[in-house]
Amino acid sequence: MILVVNAGSSSIKVEVFDRALTSVLIGAVSEIGGAAHLKLGDARHAVQAPDHRAALNHLLEGLAVRDIPL
């Protein structure tokens, strides 16, 4: 699996690809430092993400729950 991370000033976006470079899952945490929300695949919910480190942890935990090995 390949994890691509795009960190902006108030969001982190990720996309996971398999070895054939087919997209497996897309996700993001938006509004970091405010009313943050996590979107991973079709799921979306509010999260506590006061900084980028917390936001990335939410994304990595979500990938682990979906059994996506990195």
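In the predicted model, helix α1 is followed by D67, a residue with a positive phi near 55°. D67 is not a glycine, although its phi is positive. The residue belongs to the segment after α1, and its side of the chain is open to solvent by the computed criterion: because its relative accessibility is 67%, above the 50% limit, D67 counts as exposed. A second non-glycine residue with a positive phi is L21, for which the angle is about 65°. L21 is placed in the loop between β2 and β3. With a relative accessible area of 58%, L21 is likewise classed as exposed.

Helix α1 itself comprises residues 52–65. The geometry of the helix was compared with the expected rise: at 1.5 Å a residue, its 14 residues should span 20 Å, and the C-alpha atoms at its ends are indeed 20 Å apart, so the two values agree. At the start of α1, a side-chain oxygen of D51 comes to within 3.3 Å of the backbone nitrogen of R53. The buried residues of the helix are A54, A55, L59, G62 and L63. The cover over these residues includes four strands, namely β1 (2–7), β2 (11–17), β3 (23–30) and β4 (37–40).

Among the buried residues of α1, L59 may be considered in detail. L59 has a relative accessibility of 1% and therefore counts as buried, the limit being under 20%. When residues up to four places away in sequence are not counted, L59 touches I12, V14, G27, A28, V29, L38 and L40. One of these partners, I12, is 47 residues from L59 along the chain, yet the C-alpha atoms of the two residues are separated by 8.8 Å.

L60, which also lies in α1, has another degree of accessibility. Its relative accessibility is 33%, so L60 counts as partly exposed, between the limits of 20% and 50%. L60 takes part in a nonpolar surface patch together with M1, V24 and L70. The accessible area of the four residues together is about 340 Å².

Two polar residues of the strands were also examined. H37 is located in strand β4 and, because its relative accessible area is 15%, falls below the 20% limit and is buried. The side chain of H37 forms a polar contact of 2.7 Å with the side chain of R44. Apart from neighbours within four places in sequence, the residues in contact with H37 are A28, V29, S30, E31, R44, H45, A46 and V47.

S11 occupies a position in strand β2. Its relative accessible area of 16% is under 20%, and S11 is therefore buried. With neighbours within four places in sequence left aside, S11 is in contact with N6, V29, S30, I32 and H52. V29 and S30 thus appear in the contact lists of H37 and of S11, while V29 is also touched by L59.

Conventions. Residues numbered from 1 in each chain as written. Predicted model: local features only at pLDDT ≥ 70, side-chain atom pairs only at ≥ 80, totals over all residues. Heavy atoms only, no water. Patch = residues over 30% accessible without salt bridge, like charges linked within 9 Å, V, L, I, M, F, W, Y side chains within 5 Å. Areas by Shrake-Rupley, 256 points an atom, 1.4 Å probe, with all protein chains shown as cover. Salt bridge = Lys/Arg side-chain N within 4 Å of Asp/Glu carboxyl O. Buried < 20%, exposed > 50% of the residue type's maximum accessible area, 1.4 Å probe, protein only. Expected span 1.5 Å × (residues − 1). Contact = heavy atoms within 4.5 Å. Polar contact = N/O pair within 3.5 Å; in protein donor to acceptor, adjacent residues only side chain to side chain.
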